[in-house]
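New to this one? Here is a quick briefing to read alongside the sequence and the 3D view.

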Amino acid sequence: MRTLSRVTTDGPEALFDDPAARAGYVRRIFGEISGRYDLVNRVMTLGRDQAWRRLAAEELVRPGDRVVDVGTGTGDLAFACREAGARTVFAVDFARPMLERACAKARQLSDDHIAWVHADATRLPLPDASVDGWCSAFVVRNIPDLDTALAEAFRVLRPRGRLVVLEVPRMDQGWQRPFARTHFNRVVPFLGRRLSGHADAYRYLPVSVDHFLTPPELTQRLISTGFGMRSVRVLMFGTVALHVAEKA
Ligand SMILES: C[S@@+](CC[C@H](N)C(=O)[O-])C[C@H]1O[C@@H](n2cnc3c(N)ncnc32)[C@H](O)[C@@H]1O
C-alpha cells in the first residue's frame, strides 16, 4: 500500500512558514492524488470547472497562438487552449504523475501539439518573449514564490502577450464570503477525503485559500510585475476569480 504524504503534526498551517517545505509538499500531494484528481474536481465544482477553463482559454487564445499552461496537472486547461485555437501549448508541471495522466489523455485525443514539460513555474525552460499567452488554473495559490513565477510569466511573454489566472481567491468581505467559507472549510475536505482517500491534500486546500490573495490584491501584484489589467471576474459565489492581463 502507498504511504500518502502527511502534513506536519502542526497541520497545514506550519507549511506556510517554510516555502521549500510547502513546494515539496505540494509536489508530493499532487503526485499522490493524480488518479482521482479529475473526479474530485468535477464533483467539488458541481461540474463547472471545465466551463471555467474554457472561459479562461477563450480570454487567452487567438487562433495560431503559442501558449504556456503553467501547473497543467492533468492537462484540462491545455486541452481547452487547443480547442480555443492555440497552435502549440507548452504544458508545464513539476509533479510527474500529473503529467503522465495528461499525456495519456492527449494520446486518447490524438493531440500531438502539446509539449508536456517537467519543470517549475519559477524557472520556465523557454526563451524570453517566446509565447503569445501564459495561463494557469488553480496553481498560483500553491507557489510560495509568487513574485518570481509572475516575473517568469512576464519574461516569456512577447510584448502585448496575454496572461490569464484562474484561481480560488481569499474572500475577506462580500455576501459570497459565508458561502465560500462553508464550501472550502467543510464541503471540500469532506468530499476530497471520501473521493480521493487523501484527507491531508484536501485539508491543505482551504488553508491555502486563507493564505492567498483577494482579487484586488492579486490585481495589485500583477500591476507591480508590469502587467496592464484587462478584466477581473468573480465566479461561482466568489469561490473562483479570473484575472486577465496583458504585458504592457
Ligand atoms: C490544483 S492543480 C491544477 C491543475 C490544472 N491546472 C487544472 O486546471 O486542473 C495544481 C497543479 O500545479 C502544479 N504546481 C504547483 N506548483 C507548481 C510549480 N511551482 N511549478 C510547476 N507546477 C506546479 C501541481 O503539481 C499541480 O499539478
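What follows is a short tour, topic by topic. Keep in mind that this is a predicted model. At its heart for our purposes is an open sheet of seven strands with mixed pairing. Helices come next, and then a few backbone details.

**The sheet as a whole**
- Reading across the sheet, the strand order is E3-E2-E1-E4-E5-E7-E6.
- E3 and E6 are the edge strands, and each has a single partner strand, so one side of each is left without a neighbour in the sheet.
- From one strand to the next, the twist averages 15 degrees.
- Strands of a sheet pair through backbone hydrogen bonds, in either a parallel or an antiparallel way.

**The E1-E2-E3 end**
- E1 (residues 66-70) and E2 (residues 88-93) run parallel, and five bridges join them.
- One pair to look for here is Val68 with its bridge partner in E2, Phe90.
- To get from E1 to E2, the chain passes through helix H4 (residues 76-83), and this β-α-β crossover is right-handed.
- E2 also pairs with E3 (residues 114-118), again in the parallel sense and over five bridges.
- For Val92, the bridge partner in E3 is Val117.
- The chain goes from E2 to E3 by way of helix H5 (residues 96-108), in a β-α-β crossover that is right-handed.
- E2 is mostly covered, with five of its six residues buried.

**The E6-E7 end**
- E6 (227-235) and E7 (240-247) run antiparallel and are joined by eight bridges.
- Val232 has His243 as its bridge partner in E7.

**Helices against the sheet**
- Helix H3 lies across E1, E4, E5 (157-167), E6 and E7, and it runs at about 165 degrees to E5.
- H5 packs on the sheet too, where it touches E2 and E3; the direction of H5 makes about 165 degrees with that of E3.

**H4, a well-covered helix**
- Is H4 enclosed or open to the outside? Seven of its eight residues are buried, so H4 is largely enclosed by the rest of the structure.
- The buried residues of H4 are Asp76, Leu77, Ala78, Phe79, Ala80, Cys81 and Arg82.
- Their cover includes helix H3 (49-60) along with E1, E2, E3 and E4 (131-137).
- Just after H4 comes Gly85, which takes a positive phi of about 115 degrees.

**Where H6 meets H9**
- The axes of H6 (residues 146-156) and H9 (residues 215-225) come within 10 Å and cross at roughly 50 degrees.
- That angle makes H6 oblique to H9.
- Their crossing is right-handed.
- On the H6 side, Leu146, Leu150, Ala151 and Phe154 make the contact, while H9 brings Arg221, Leu222 and Thr225.

**Two loop residues with positive phi**
- Which residue other than glycine has a phi near 50 degrees? That is Ala129, which sits in the loop between E3 and E4.
- Ala129 is partly exposed, with 13 other C-beta atoms within 10 Å.
- Phe237 also has a positive phi, near 55 degrees, and is likewise a residue other than glycine.
- You will find Phe237 in the loop between E6 and E7.
- Phe237 is partly exposed, with 15 other C-beta atoms within 10 Å.

How values were computed: Residues are numbered from 1 along each chain as its sequence is written. This is a predicted model: local features need pLDDT of at least 70, side-chain atom pairs count only at pLDDT 80 or more; totals for chains, interfaces and linings use all residues. A residue is buried if 20 or more other C-beta atoms lie within 10 Å of its own, exposed if 12 or fewer, and partly exposed in between; C-beta atoms are placed from the backbone. Helices (H or I, at least four residues) and strands (E, at least two) are DSSP runs, numbered from the N terminus. Two strands pair if DSSP finds at least two bridges between them. A crossover is right-handed if, with the strands pointing away from the viewer, the path from the first strand over the helix to the second runs clockwise. Axes are lines fitted to C-alpha atoms, for helices over the stretch in contact, and angles run from 0 to 180 degrees between N-to-C directions. Angles under 35 degrees count as roughly parallel, over 145 as roughly antiparallel, 65 to 115 as roughly perpendicular and the rest as oblique. A crossing is left-handed if the near helix is turned anticlockwise from the far one by less than a right angle, and right-handed if clockwise. Two residues are in contact if their C-beta atoms, placed from the backbone, lie within 7 Å.
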